[in-house]
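Reader: I would like to learn how to read the surroundings of a bound molecule. Please take me through one case.

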Amino acid sequence: MTETTRKAVHFGAGNIGRGFVGLLLHEGGYEVVFSDVATTLVDAINGATEYTVHEVGEGGRDRVVSGFRAIDSAADPEGVAAEVASALVATTAVGPTVLRFIAPHLVAGLALRDPALPPLQVMACENAIGATDTLRDHMREAAGDRWDAISSRAVFANTAVDRIVPGQPEGSGIDVTVEPFFEWAIERAPFGENPPTIPGAHFVDDLAPYIERKLFTVNTGHATAAYLGARARLEKISDALADPGVLAGVAKALEETSALLAAKHGFEPDDLTQYRATILGRFRNPALPDTVGRVGRQPLRKLSRHERFVGPAAEAAERGLPVDGLLAAIGAALVFDEPEDEQSVELQRLRRELTPEDFTAQVTGLDREHPLFARVAEVVASA
Ligand SMILES: NC(=O)C1=CN([C@@H]2O[C@H](COP(=O)(O)OP(=O)(O)OC[C@H]3O[C@@H](n4cnc5c(N)ncnc54)[C@H](O)[C@@H]3O)[C@@H](O)[C@H]2O)C=CC1
Ligand SMILES: O=P(O)(O)OC[C@H]1O[C@](O)(CO)[C@@H](O)[C@@H]1O
């Protein structure tokens, strides 16, 4: 494989796929093959020779991506397997619950792959702890008896990706509007001497502190702003941050997650204060057309056991740390009522049909004996 055939297959050509992962892979010198199930999007990508990532806000600039194509994985699974077989890198940005549908494509590609090639470098770029491990588990399951023969043809690294990429305005084609900030932290060890070349990414020995700091600050804070903003009938995230009540609620929830991060991972409190300030500045970016509906999407996933609210609140409660701000955010999430969002509709149905205790057990996954359980059930009862 020569320098000119450096190829990455990226699953999920949506907002983060084109506006972040695809962009950085392109800047790292890879030809990018997007794989998606949205036929119109695949056609639009194949109809273009370049697209522009518009970074809006302070320090932002336009970046042009070229050297890509797209393939419809529903219509042409054999084509996807062939691309995977000869790629150097495979990434995903499809949503954590979709990883199991990507696994069979990767397995089929590894089965075709020449064992003499360098191992495929697999990285799931989702907002979830251990997403690449989850993808590998799905692959192992999909491969069954074949796994032992093909698993050495790939290496797997967990990653933490951070860039706000909102829903795109009508008529923007495949261009993407994003914030200027980004961070991509990747586990170093799986690659040995040959890490992928991704400009601006940083390789770390232990990803756990990075991904927890990211998820429990950026994502906890963003989702808190969305749910408090939606409850205050605000539509834009930047307007939510301008509301003193919402801002105070976000600040309180994040002070609690910072206290946990300091206690658990040894982050310096002053550094966390600075990190929170930077993040609140990012949420306030008025040039980003971001909405409480997008950021609050899939509330059942966000209220689950190891996600951005219950995850840190449970650990904080176990350590006797304060959780009132996180409980208030959970209270606002419970009344998130977006008819367009399936999980929001399901959430409201569950609230109507279950007792507060049964709802808490089912939605948050907390054990009934956990120190947080009764407090969440109380919030559910009074929401
Ligand atoms: N948008 C953002 O600001 C950020 C998003 N993320 C994470 O990135 C992931 C994707 O988020 P977005 O790009 O915002 O969503 P999106 O909805 O814009 O993109 C997801 C894409 O995946 C495609 N897809 C769905 N099922 C598929 C399948 N079986 N095979 C191939 N493609 C499939 C969809 O058609 C869509 O194009 C999520 O896990 C999200 O949490 C992470 C950091 C930032
Ligand atoms: O599907 P999720 O988890 O809401 O992912 C999107 C979130 O990730 C973020 O990009 C933060 O990195 C936010 O823009 C957004 O709220």
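Author: A residue is near a molecule if one of its heavy atoms lies within 4 Å of it. Here 14 residues are around ligand 2, and Asn-127, Lys-214, Arg-301, Lys-302 and Arg-308 come nearest. This is a predicted model, in which local features need pLDDT of at least 70 and side-chain atom pairs count only at pLDDT 80 or more, while totals for chains, interfaces and linings use all residues. Residues are numbered from 1 along each chain as its sequence is written, chains are lettered from A and ligands numbered from 1 in the order in which they are written, and side-chain values use heavy atoms, leaving out hydrogens and water.

Reader: Which side chains have an N or O atom paired with an oxygen atom of ligand 2?

Author: A polar contact here is a pair of N or O atoms within 3.5 Å. The side chain of Asn-127 has such an atom 2.7 Å from a ligand 2 oxygen, and for Asn-219 the distance is 3.1 Å. Arg-301 places a polar side-chain atom 2.6 Å from an oxygen of ligand 2.

Reader: How much of ligand 2 does the protein bury?

Author: Accessible area comes from the Shrake-Rupley method with a 1.4 Å probe. Ligand 2 alone exposes 390 Å², of which the protein buries 93%.

Reader: What kinds of residues make up the shell around ligand 2?

Author: Asp, Glu, Lys and Arg count as charged; Ala, Val, Leu, Ile, Met, Phe, Trp, Tyr, Cys and Pro as nonpolar; the others, Gly among them, as polar. The shell has eight charged, three polar and three nonpolar residues.

Technical notes. A polar contact is a pair of N or O atoms within 3.5 Å; within protein, one must be able to donate a hydrogen and the other to accept it, and residues adjacent in sequence count only if both atoms are side-chain atoms.
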